[in-house]
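Visitor: Please show me around this structure and explain how each label is earned. I am new to this, so plain words are welcome.

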Amino acid sequence: MRITILDDYFDTVRTLPCFSLVDSHQVQIWNDHEQDSERLVARLQESEALVLIRERTRIEAQVLDRLPRLRLISQRSVYPHIDIAACTRNGVVVSSDQHPDTPSVGTAELTWGLVLAAARQIPQQMQALREGRWQIGVGRTLRGKTLGIYGFGRIGTEVAAYGRAFGMHVLVWARDEARQRAASLGYQAAASKEQLFRQADVLSLHLRLNAHTRAIVAATDLALMKPDAVLVNTSRAALLEPGALLQALRAGRPGMAAIDVYDEEPLRNPDHPLLQLDNLVCTPHIGYVTRDDYELQFRAIFEQILAFERGSPINVVNPEVLTPRPA
């Protein structure tokens with residue numbers, strides 16, 4: 001099969017042990033990002049299988065309708081960036097392993113790194129040292145503080161455990177079933193979303209982005225936070241109401257944020273308003289970008305390609321595409 005892999009920025013995939021699974025195939029790897037539909041169609045014209053690295057590239061109808069050879073999109077996790085209806089219309093199978101039993105350790109660890117970086121002003125202190133200044137402020141310890149977890153899925157559960165290990169009081173707001181599970185693990189379930197935002201010293205978002213969670217965090221929610229609290233977002237930028245984070249940080253509630261996700265990605269504008277703020281710690285969506293996570297991700301992706309090649313596709317998002325159409 002002719003396989004195309006997009007957005008492998010550091011040419012990492014071919015160095016993974018699992019790459020041997022597709023040794024017998026013709027694999028084209030692109031190391032830059034391309035979203036222009038004309039150029040994307042040109043890149044994918046000969047592709048039979050397309051491999052996506054999470055949500056880096058949107059695959060829309062205007063592209064899919066012009067790729068007659070494409071038969072499979074293989075990826076891992078959620079797929080809001082793929083026009084599933086257009087895939088089905090064009091006879092393209094979408095296989096996407098949801099890995100329900102595999103925690104996203106890389107993202108959870110980065111979340112905790114951002115918590116520590118914000119609490120102790122690590123990036124700001126490092127920059128000051130490079131500029132010849134010695135100690136620019138006083139940080140905060142985490143022990144005894146309240147860690148708010150909004151969403152208690154795989155990543156939220158991991159982060160809650162880190163908070164407990166650091167001696168924090170963990171407060172959870174999520175769906176009823178998830179709050180009950182949190183309580184069964186010894187965490188406190190918040191009585192309301194408002195309580196979570198008012199009481200948290202560190203509040204970390206761990207929700208999947210969908211129609212129900214888009215803009216679920218409003219400016220009014222952020223205004224409830226303490227002036228010395230930290231908001232952490234390693235999930236999706238669109239969980240927040242557009243412009244709400246910038247407005248809140250300028251107003252000083254919360255006093256600081258630490259984020260790994262943005263409304264527009266990749267973000268390459270150094271003059272972006274968020275990047276001008278001193279009370280923001282930020283990273284370029286690297287939560288899942290570790291060699292260990294890549295090996296897990298691409299092993300699943302390549303196994304999906306091999307299953308499709310055998311005629312028994314797995315983890316199919318649009319199973320109706322497998323049903324023969326009436327003659």
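Visitor: Where is Pro-266 found?

Guide: Pro-266 sits in the loop between strands E11 and E12. Helices (H or I, at least four residues) and strands (E, at least two) are DSSP runs, numbered from the N terminus. This is a predicted model, in which local features need pLDDT of at least 70 and side-chain atom pairs count only at pLDDT 80 or more, while totals for chains, interfaces and linings use all residues. Residues are numbered from 1 along each chain as its sequence is written, and side-chain values use heavy atoms, leaving out hydrogens and water.

Visitor: What is the omega of the peptide bond from Glu-265 to Pro-266?

Guide: Omega is near -5° there, and the bond is cis. There is also a cis bond from Arg-253 to Pro-254, with omega near 5°. Pro-254 belongs to the loop between H10 and E11.

Visitor: What is the phi of Asp-7, and is the value positive or negative?

Guide: Phi of Asp-7 is near 65°, a positive value in a residue other than glycine. You will find Asp-7 in the loop between E1 and E2. Ala-215, in the loop between E9 and H9, also has a positive phi, near 60°.

Visitor: How do you know whether Asp-7 and Ala-215 are buried or exposed?

Guide: We set each value against the cut-offs: buried is under 20% relative accessible area, exposed is over 50%, and partly exposed is in between (1.4 Å probe, protein chains only). Asp-7 has 2%, so it is buried. Ala-215 has 32%, so it is partly exposed.

Visitor: Which strand holds Val-281, and what makes Val-281 count as buried?

Guide: Val-281 lies in strand E12, residues 280-282. Its relative accessibility is 5%, so it counts as buried.

Visitor: Which residues is Val-281 in contact with?

Guide: Leaving aside neighbours within four places in sequence, its contacts include Leu-114, Pro-123, Met-256 and Ala-258. Contact means heavy atoms within 4.5 Å. Ala-258 is 23 residues away from Val-281 along the chain, yet their C-alpha atoms are separated by 4.5 Å.

Visitor: What makes a group of residues a nonpolar core?

Guide: A nonpolar core is a set of buried Ala, Val, Leu, Ile, Met, Phe, Trp, Tyr and Cys residues joined through side-chain atoms within 4.5 Å. The largest one here has 29 residues, and Tyr-150, Leu-203, Leu-222 and Leu-231 touch the most other members. Helix H10 gives the most to this core, with five residues. Apart from it lies another core of 28 residues, among them Leu-110, Ile-149, Val-230 and Val-281.

Visitor: Why are the buried residues of H7 said to line one face of the helix?

Guide: The buried residues of H7 (residues 176-184) are Ala-178, Arg-179 and Ala-182. Seen down the axis, they fall within an arc of 100°, so they line one face. That arc is taken from the directions from the helix axis to the C-beta atoms. An α-helix has 3.6 residues a turn, so residues three or four places apart point the same way. On the other side of H7, Asp-176, Glu-177, Gln-180 and Ser-184 are exposed. Strands E7 (169-173) and E8 (188-189) are included in what covers the buried residues.

Visitor: Why are E2 and E5 called edge strands?

Guide: Five strands form an open sheet in the order E2-E1-E3-E4-E5, with parallel pairing. E2 (26-29) and E5 (93-97) each pair on one side only, which makes them the edges. Two strands pair if DSSP finds at least two bridges between them. E1 (residues 2-5) and E3 (residues 49-51) are joined by three bridges, so they meet that rule. Ile-5 stands opposite Val-51 in E3.

Visitor: How many disulfides does the structure hold?

Guide: Zero. A disulfide is a pair of cysteine sulfur atoms within 2.5 Å, so no such pair is found here. As for single cysteines, Cys-18 has a relative accessible area of 0% and is therefore buried. Cys-87, at 0% relative accessibility, counts as buried too.
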